[in-house]
Structures are given as structure tokens and as C-alpha cells.
Amino acid sequence: MSTENQEQTGQEVQATSLQAEDNKIIAERRQKLDAVREKGVAFPNDFVPQHKTADLTETYGGWTREQLEAEPQQVVLAGRMMLKREAGKKAAFATLQDASGPRADGRIQIYVTLDNTGEEAMEAFRHYDLGDILGVEGTLFKTKVDELTVKVTKLRLITKSLRPLPDKFHGLADQETKYRQRYVDLIMNEETRRTFKARTAAIASIRRFMQDNAFMEVETPMLHPIPGGAAAKPFITHHNALDMQMYLRIAPELYLKRLVVGGFDRVFEINRNFRNEGVSVRHNPEFTMMEFYAAYTDYKWLMDYTEAVIRQAAIDAQGTAEVTYGGRPLDLGKPFHRLTIVEAINKYAPHYTNEQLHDAEFLKAELLKFGVKPHVISGLGALQLSLFEETAEAQLWEPTFIIDYPVEVSPLARASDTRAGITERFELFMVGREIANGFSELNDPEDQAARFQAQVAAKDAGDEEAMFYDADYIRALEYGMPPAGGCGIGIDRLIMILTDSPNIRDVLLFPHLRKED
């Protein structure tokens with residue numbers, strides 16, 4: 001038997017043994033629950049905590065033992081028991097954990113004694129297990145080692161935990177189990193809780209920033225009769241009552257711009273998009289975007305505004321615009337860089353000459369060396385973009401706006417008035433990945449119709465991600481849309497950077513996974 005097979009067999013034996021042990025513990029806990037049921041209500045719903053542990057620590061952590069004795073503080077709180085230790089037959093200590101608040105985690109020690117808590121409650125406590133949720137009342141005091149503690153006078157079992165928590169010394173180690181059983185991950189790992197609190201703070205910051213700048217938050221459809229607003233492969237479903245094929249939205253763009261046509265000059269939406277594409281450390285088929293549109297602005301205004309939104313989100317989520325990702329510093333407080341596609345290639349792959357970068361045949365041959373086979377209808381701009389993606393994109397560590405995207409890969413962006421074949425578009429990159437995409441909006445209905453027709457031709461030529469022709473959107477433009485700028489920010493990728501998370505699944509509460517065996 002090979003070493004690898006021996007290790008696999010050993011792991012399987014260990015897993016079987018652990019499962020058997022868990023089953024035994026679960027059976028014992030069910031017996032305890034049965035005993036509780038016999039005495040009355042097993043899962044009461046009449047206990048209301050009045051305090052949070054983090055607040056108590058912040059308020060009274062600096063008090064001396066003498067102060068707490070002189071001014072007794074009555075507390076009523078609830079939490080999950082994470083640690084428990086007996087101190088003889090007449091006393092025991094335990095540690096309770098609660099959510100406490102958007103920024104703080106909370107743990108506090110409780111002291112259960114025969115004299116203060118009573119014989120019945122003390123005896124019941126001896127049968128409580130780690131993971132049980134308890135309600136306690138008591139007074140605050142400090143132990144000999146100066147630890148803030150609740151001297152319990154009343155104690156109740158609020159929720160019986162039937163499954164054992166992971167070993168306290170090893171935690172929840174398996175990454176896939178963390179994703180599948182996020183509820184356990186959140187119980188055991190303070191870092192996970194901190195990540196999602198930072199996510200909430202960042203999204204709240206973005207929403208507040210938008211509203212403070214006169215943007216109106218709206219909601220647009222998730223089910224689309226025609227997928228549009230991005231180049232992506234959609235999920236397809238069927239509406240039974242209407243007997244029609246529909247698509248989960250890949251982007252809200254075309255609906256948001258219909259609202260600009262209707263007279264809402266500044267709109268935004270924070271919501272989900274769905275793309276039926278690969279899963280990776282940066283991609284999930286269901287992801288969160290913030291898209292916004294502002295009339296009478298252009299892509300230059302958008303770059304300044306997008307920079308400000310992201311900087312403020314970092315400050316509100318982490319307290320600073322200077323973050324660390326993968327061990328490397330990233331300063332979001334500095335002005336973001338701006339480069340054209342060709343300038344970026346020149347900077348990060350300087351061995352190419354200007355002549356080579358403007359030679360379509362050379363670019364096709366060079367891309368083949370990277371294993372990239374350009375589409376037969378790719379023009380010079382698209383070829384330059386492909387080379388940028390292979391040579392420069394991953395090196396864009398500092399926040400950098402890449403500008404001057406070609407028309408052929410920007411079907412919804414306004415073309416430059418002075419440079420043929422170029423649009424007023426940018427993509428924002430940092431730590432080697434795209435974070436945002438924005439442009440001056442194309443509001444010429446005839447030009448937009450021609451662009452849609454070109455996309456249809458590309459789809460007919462085999463491009464599964466090419467856009468459909470949206471006749472109603474063209475009709476909306478024919479009523480007249482004011483000049484506008486629009487941008488989409490990838491919330492999940494931004495949160496990855498702000499929380500130093502290497503995998504997009506680390507910032508999604510319930511990421512998509514293969515079926516569990």
C-alpha cells in the first residue's frame with residue numbers, strides 16, 4: 001500500500017472514530033433534553049437579556065474590585081457557554097459568548113455557587129454542556145486575577161445544544177466544513193465574525209455615502225426576459241404562468257439606466273448578480289454588486305467618486321485607509337493611479353516595443369504563447385486588452401484605473417469624441433484583480449442599436465457571453481437619456497481586500513459548493 005493510500009485510510013478510520021464519538025455525545029445530550037422536557041418547557045421564549053457582554057466590559061472593565069463592591073451592578077444577559085470548569089462541589093466557572101454588536105465580540109465569565117445560585121440551579125448547571133445557551137442574572141465583581149465576572153443569582157437553560165462544538169484547542173480546522181457549516185464557524189472563530197461585521201460596516205458606509213450625495217436607492221428585477229448589462233453567461237429558468245424563458249440577472253445596468261431616462265438623475269442599487277460561470281477563489285456564481293448612475297457626469301467624474309466611495313468604506317469598516325493584504329501594505333488613502341491599456345503593458349512588460357503593441361498579427365502570435373486563442377473577429381484594441389490581462393493585470397497592486405478601452409469590448413460605453421475606436425471607460429484594479437468597471441454612458445440610441453447588432457453577430461459566431469439585442473432598452477433611449485456616467489463595484493472582492501481574505505468564499509456567509517457526499 002502506498003504512503004498516500006495509508007494516510008487516506010488513516011484519515012478515514014479517524015473520521016469514523018470521531019463520528020462514532022459524536023453520535024455517543026449526541027445520544028447523551030438527547031437524554032439530558034428528555035429530562036428537561038419532563039420538568040417543563042425545554043426551549044423557553046420568555047427570557048429577555050438586558051445587557052451585552054462587550055458593553056459590560058467596556059463600561060466596568062476598568063472598575064476596581066472595591067468600586068464594584070461599593071456600587072453593585074445588576075446584570076441580565078444570555079450567551080452560549082464556551083468554557084466550563086468546576087471549582088469544587090459548591091462552585092463552578094463558565095464563559096458565555098454573545099454577539100454584542102456590529103464591531104465587538106463579547107465573552108464574560110460567570111461564577112455559579114451553591115450559596116448564591118441555589119442548590120437546584122447548581123445541580124442543573126452540572127448537567128449543562130458546552131454550546132448550551134444560558135440566561136443569567138447576577139452582579140458584577142472581579143476575581144483575584146482581576147477578571148470581570150458575573151456572580152450568578154439566577155440561571156436558566158434557554159437552548160439545549162445537541163451537537164458538540166469542535167475541540168476548543170483545534171477549532172474548526174477544515175476549510176470546506178467552515179463554508180458548509182458557517183453557523184459553527186461563526187460560533188468558534190472570532191476572525192470569521194470580525195470579517196462579516198466588517199462587511200456589514202463597509203456596505204453600510206457605501207449606502208450612507210451614496211445617500212449623502214443625493215443618490216436614490218432602488219430595486220430592479222432579478223428575473224429578466226433578456227439578459228443584459230454585461231458580457232456573461234446567464235442562468236436560465238422558466239416562468240410557468242407566463243410560459244416564457246427567463247434569465248437570472250447578470251447585471252442591473254439597463255434597468256437602472258431606464259430610470260435615468262425616466263428622470264431619476266442619481267440612482268444606485270446594492271444587490272445580487274448571477275453568472276453561470278466558473279467557481280474560483282475570486283468567482284462565485286452569485287455575487288454582490290453596487291451599481292450607480294449619475295446624470296450629467298462622465299467617466300472622469302466617476303473615477304474620482306469611485307475612489308472616494310472605496311476609501312470611505314475602508315475607513316468605516318477597518319478604521320483606516322491603510323490596510324494589509326497577503327502580508328503587503330495597501331494604502332487606499334493615496335490618489336489612485338491612472339494608466340491606459342498600452343501604458344500599463346509598457347510599465348509592467350517593458351520588453352514590448354510600441355510597434356509590436358500596434359501590430360495585430362504580432363499580438364495574435366504572442367497571445368498564443370500564453371495559451372490564449374483570440375476570437376476571429378478581435379480587433380487591435382481587443383488584442384491589446386488580452387495582452388494586458390496576461391502581462392500586466394496581476395501586477396497592479398496599488399489601486400489603478402485602466403482607461404481607454406476599445407469600443408468592440410465596451411458595447412454600452414460612450415465612444416470618445418476625439419479618439420477613434422476608444423471609449424470613455426475605466427476598470428479599477430488593485431492587488432491584481434478587477435474591483436470596479438465604469439464609463440460615460442452611451443445615450444445615442446442609433447449607436448447603441450448598432451452595438452447590440454454587433455454583439456448579436458458575435459454571439460452567432462460562437463461567443464456565449466455576447467449580449468442580446470434589447471429592443472425595449474433602445475426604445476427607452478429614443479425617448480432621450482441625459483448624458484450620464486455609471487459604475488459597478490464588486491462588493492465581495494472589495495471586502496476580500498478590506499479583510500485580508502484570500503478566497504471569495506471567506507467573505508460570503510453561504511458560498512456555493514458542490515453537493516455534500
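Reader: What do the buried residues of α2 pack against?
Author: In this predicted model, the buried residues of helix α2 pack against five strands by name: β1 (74–86), β2 (91–98), β3 (106–113), β4 (133–142) and β5 (148–159).

Reader: Which residues of α2 are buried?
Author: In α2, which covers residues 53–60, they are Thr53, Ala54, Leu56 and Tyr60. Seen down the helix axis, the buried residues fall within an arc of 160°, so they line one face of α2. It helps to recall that an α-helix has 3.6 residues a turn, so residues three or four places apart point the same way.

Reader: Why is threonine 340 called buried?
Author: The cut-off for buried is under 20% relative accessible area. Threonine 340 has 15% relative accessibility, so it counts as buried. You'll find threonine 340 in strand β14, residues 337–340. Leaving aside residues up to four places away in sequence, threonine 340 touches Ile402, Ile403 and Asp404.

Reader: What makes strand β16 largely enclosed by the rest of the structure?
Author: Just count: six of the six residues of β16 (residues 425–430) are buried, so the strand is largely enclosed. Both faces are covered, too. Arg425, Glu427 and Phe429 are buried on one side, and Phe426, Leu428 and Met430 are buried on the other.

Reader: How do you know that β15 and β16 pair?
Author: Pairing takes at least two bridges between the strands. Strand β15 (residues 400–403) and β16 have four, so they pass the test, and they run antiparallel. One of the residues to look at is isoleucine 402, whose bridge partner in β16 is glutamate 427.

Reader: And what makes β16 and β17 a pair?
Author: Apply the cut-off again: at least two bridges are needed, and β16 and β17 (residues 433–440) have six, in the antiparallel sense. Arginine 425, for instance, has phenylalanine 439 as its bridge partner in β17.

Reader: Which residue takes a positive phi in the hairpin of β16 and β17?
Author: That's valine 431, with a phi near 45°. The hairpin has two residues between the strands.

Reader: Why are α15 and α16 called roughly antiparallel?
Author: Angles over 145 degrees count as roughly antiparallel. The axes of α15 (residues 445–460) and α16 (residues 471–478) cross at roughly 165° and come within 9 Å. That angle makes α15 roughly antiparallel to α16. The contact is made by Pro445, Gln448, Ala449 and Phe452 of α15, together with Tyr473, Ile474, Leu477 and Glu478 of α16.

Reader: Is the crossing of α15 and α16 left-handed or right-handed?
Author: Right-handed, as α15 passes α16.

Methods. Residues are numbered from 1 along each chain as its sequence is written. This is a predicted model: local features need pLDDT of at least 70, side-chain atom pairs count only at pLDDT 80 or more; totals for chains, interfaces and linings use all residues. Side-chain values use heavy atoms; hydrogens and water are left out. Buried means under 20% relative accessible area, exposed over 50%, partly exposed in between (1.4 Å probe, protein chains only). The arc is that of the directions from the helix axis to the C-beta atoms. Contact means heavy atoms within 4.5 Å. Axes are lines fitted to C-alpha atoms, for helices over the stretch in contact, and angles run from 0 to 180 degrees between N-to-C directions. Angles under 35 degrees count as roughly parallel, over 145 as roughly antiparallel, 65 to 115 as roughly perpendicular and the rest as oblique. A crossing is left-handed if the near helix is turned anticlockwise from the far one by less than a right angle, and right-handed if clockwise.
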